[in-house]
Amino acid sequence: MPKDKHAYDYIVIGSGTAGSVVAARLSEDPTISVLLIEAGPHDRKVEIKMPAGYPALQKTKRDWQLWTEPQTELMDRKLYLPRGKVLGGTGALNGMIYIRGNRLDYDDWAAAGNLGWGYQDVLPYFTKTECNSRLGAPYHGTMGEQPVVDARFVHPMNRAFIEAGQQSGLRFNEDFNGEQQDGVGYYQATILKGERMHTARVLLHPALNRKNLTLWLETTARQLTMVKNRVTGVIVERGKELQTVHANREVILCGGAIHSPYLLLHSGIGPADDLQRLAIPVQQDLAGVGQHMQDHQQYFLGYFSDTRISLNTALGPRNLWNWFVHRSGIFAEIVSGAGGFIRTNAHQDRPQIQFHFVPGIAGDNIHDLKAQPKRDGFMLGLTLLKPQSQGYLKLRSGNPNDAPLLQPNFLTAAEDLKILLDAYETGWDIMHQSALTPYRHQLTKPNNQLSLRSDREQFIRQTLESVYHTVGTCKMGPANDTQAVVDADLRVHGIDCLRIADASVMPDIPAGNVNAPIVMIAEKAAQLILGNMG
Ligand SMILES: Cc1cc2nc3c(=O)[nH]c(=O)nc-3n(C[C@H](O)[C@H](O)[C@H](O)COP(=O)(O)OP(=O)(O)OC[C@H]3O[C@@H](n4cnc5c(N)ncnc54)[C@H](O)[C@@H]3O)c2cc1C
């Protein structure tokens with residue numbers, strides 16, 4: 001229990017995908033006190049609960065509403081990056097696809113000097129949280145808190161896509177997180193009975209009745225407090241007031257890949273030159289803070305369809321009734337319920353492209369819900385899984401109200417564009433198989449058939465978007481790696497009593513959606529912290 005009302009054993013900053021897990025697990029021990037701080041409001045919103053409702057949360061007060069710098073390789077476009085500013089964080093407004101990446105991703109982490117992070121090491125942390133409705137050991141958990149389920153309503157277009165993939169020569173894969181990642185199949189999702197099951201919902205909400213767990217919503221951590229190289233607590237803004245909270249043991253940063261490095265920089269932990277330029281007193285010169293930014297990117301191939309069954313025309317009384325009354329139908333499922341993984345050449349040791357098939361068609365401005373076509377359609381996202389391009393995040397000023405400068409440097413590595421171009425052929429082939437013929441009426445992404453590689457390149461540069469999987473900005477690595485920010489126990493190098501547990505610590509982006517890997521990181525973090533008590 002707190003020794004006084006402003007001291008807690010552990011302070012967890014950020015209640016997102018990772019922070020909800022960390023706070024819930026730490027507070028399982030009734031002898032320790034935990035304060036969880038979240039900048040955003042509660043998650044009681046119908047758009048959060050309804051699986052297909054999340055696009056409506058973008059550009060609202062529950063989204064940090066971030067933009068990248070102009071991307072030179074993408075015709076100087078600035079890209080929009082939604083990030084949850086709400087209980088549950090980005091996990092409260094994500095697509096709920098449950099994918100872990102490739103086992104080699106984690107073996108690479110371990111080979112880079114991160115003892116305890118190889119595939120066999122991390123598998124138990126994946127399965128710990130998981131409650132899979134169909135799949136079991138050795139790859140899946142069935143006793144965890146987070147439901148991972150198959151769709152109850154399989155959209156006919158999703159079924160047609162899977163068939164088209166097989167017609168195109170790809171194998172059907174019934175478990176992308178099992179023995180083999182390659183092939184086409186249906187995604188499992190973190191949903192139960194037609195409602196989103198983010199980590200705040202399944203782990204944090206039930207833990208909030210514990211006396212040793214305190215949650216402060218609409219409270220923003222502004223700066224870590226330090227005595228020499230020991231973090232002692234955090235200055236928070238609550239209402240209009242600043243107040244200092246003391247951590248008896250540790251502060252755990254779970255602000256996500258953008259806001260964790262952002263808070264470190266404002267606290268004087270980061271590249272010394274940058275900090276001095278902004279007149280921020282340097283507490284610890286750590287070159288890697290904000291660097292090494294990685295993200296997945298995708299472009300879409302798409303058709304208009306004359307059938308009245310896609311997401312574009314779904315908003316009507318029947319589908320709303322189905323969800324509000326029965327928690328069923330198209331709104332009870334994820335937006336991209338089918339997809340797959342392919343290699344673009346036989347020498348690749350793991351898939352380099354992921355498919356996100358959508359039974360709906362987006363307009364040119366994918367983030368403006370009101371601007372989406374009123375005509376039906378479908379589209380296939382081709383996602384680059386292992387980008388070589390790396391970017392960075394910096395502070396624009398010492399003012400904590402200024403948004404960070406985000407430079408992901410998309411497509412600055414030539415290999416990235418090559419893989420995206422190489423995949424075009426396969427995507428196009430799938431889209432034109434007979435299984436999709438009943439739905440294919442007018443080509444819209446791109447507007448014309450592009451046979452020249454240079455035209456396809458132009459199309460990719462014009463339309464590529466982030467998949468919102470930003471990671472790696474406080475990467476894990478040994479002390480002799482000058483870019484590493486945390487060690488294999490997730491402790492910040494050179495600083496005592498401070499760990500990071502979220503997307504930012506990934507040494508390299510996994511080949512797949514990143515939410516499940518972040519849950520895994522959070523589970524392992526909690527175990528590392530509790531294992532170190534005493
Ligand atoms: C639209 C969209 C769709 C996605 N779809 C999928 C998907 O289908 N499958 C998948 O695997 N991944 C998906 N992702 C990615 C995934 O959801 C995120 O990578 C993941 O949620 C990030 O988890 P995190 O814990 O690192 O950070 P977050 O979940 O972003 O949590 C960070 C939390 O910290 C809070 N915070 C930040 N700074 C402070 C501060 N100073 N003080 C207090 N609080 C603070 C934030 O408000 C936030 O709540 C998607 C992302 C988006 C945006």
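1. Ligand, backbone contacts. In this predicted model, a backbone N or O atom of A503 is placed 3.1 Å from an oxygen atom of the ligand. Two further backbone contacts involve V514 and N515. A polar backbone atom of V514 lies 3.3 Å from a ligand oxygen atom, and for N515 the corresponding separation from an oxygen atom of the ligand is 2.7 Å.

2. Ligand, surrounding residues. There are 37 residues around the ligand, of which T17, E38, T90, G95 and N515 come nearest. N515 thus appears in this group and also supplies one of the backbone contacts described above. Two of these residues recur in the helix packing below: T17 on the α1 side and N515 on the α12 side of the contact between those helices.

3. Helices α1 and α12. Helix α1 covers residues 17-26 and helix α12 covers residues 515-531; their axes come within 8 Å and cross at roughly 30°. Angles under 35 degrees count as roughly parallel, and α1 and α12 are therefore roughly parallel to each other. The crossing is right-handed. On the α1 side the contact is formed by T17, A18, V21, V22, R25 and L26, and on the α12 side by N515, I518, V519, A522, E523, A526, I529 and L530. By class, this contact comprises ten nonpolar, two polar and two charged residues.

4. Helices α1 and α6. Helix α1 also packs against helix α6 (residues 199-207), at an angle of about 30° and with the axes 9 Å apart. That angle makes α1 roughly parallel to α6. The crossing of α1 and α6 is left-handed, whereas that of α1 and α12 is right-handed. From α1, the residues T17, S20, V21, A23, A24 and R25 meet T199, A200, L203, L204 and A207 of α6. The α1 contact with α6 divides into seven nonpolar, three polar and one charged residues.

5. Helices α10 and α11. Helix α10 (residues 414-431) packs against helix α11 (residues 453-463) at about 115°, and their axes are 10 Å apart. The angle makes α10 roughly perpendicular to α11. The handedness of the crossing of α10 and α11 is right-handed. The α10 residues L417, K418, L420, L421, D422, Y424 and E425 meet R453, R456, E457, F459, I460 and R461 of α11. In this contact of α10 with α11, six residues are nonpolar, none are polar and seven are charged.

Definitions and conventions
Residues are numbered from 1 along each chain as its sequence is written. This is a predicted model: local features need pLDDT of at least 70, side-chain atom pairs count only at pLDDT 80 or more; totals for chains, interfaces and linings use all residues. Side-chain values use heavy atoms; hydrogens and water are left out. Axes are lines fitted to C-alpha atoms, for helices over the stretch in contact, and angles run from 0 to 180 degrees between N-to-C directions. Helices (H or I, at least four residues) and strands (E, at least two) are DSSP runs, numbered from the N terminus. Angles under 35 degrees count as roughly parallel, over 145 as roughly antiparallel, 65 to 115 as roughly perpendicular and the rest as oblique. A crossing is left-handed if the near helix is turned anticlockwise from the far one by less than a right angle, and right-handed if clockwise. Contact means heavy atoms within 4.5 Å. Ala, Val, Leu, Ile, Met, Phe, Trp, Tyr, Cys and Pro count as nonpolar, Asp, Glu, Lys and Arg as charged, and the others, Gly among them, as polar. A residue is near a molecule or strand if one of its heavy atoms lies within 4 Å of it. A polar contact is a pair of N or O atoms within 3.5 Å; within protein, one must be able to donate a hydrogen and the other to accept it, and residues adjacent in sequence count only if both atoms are side-chain atoms.
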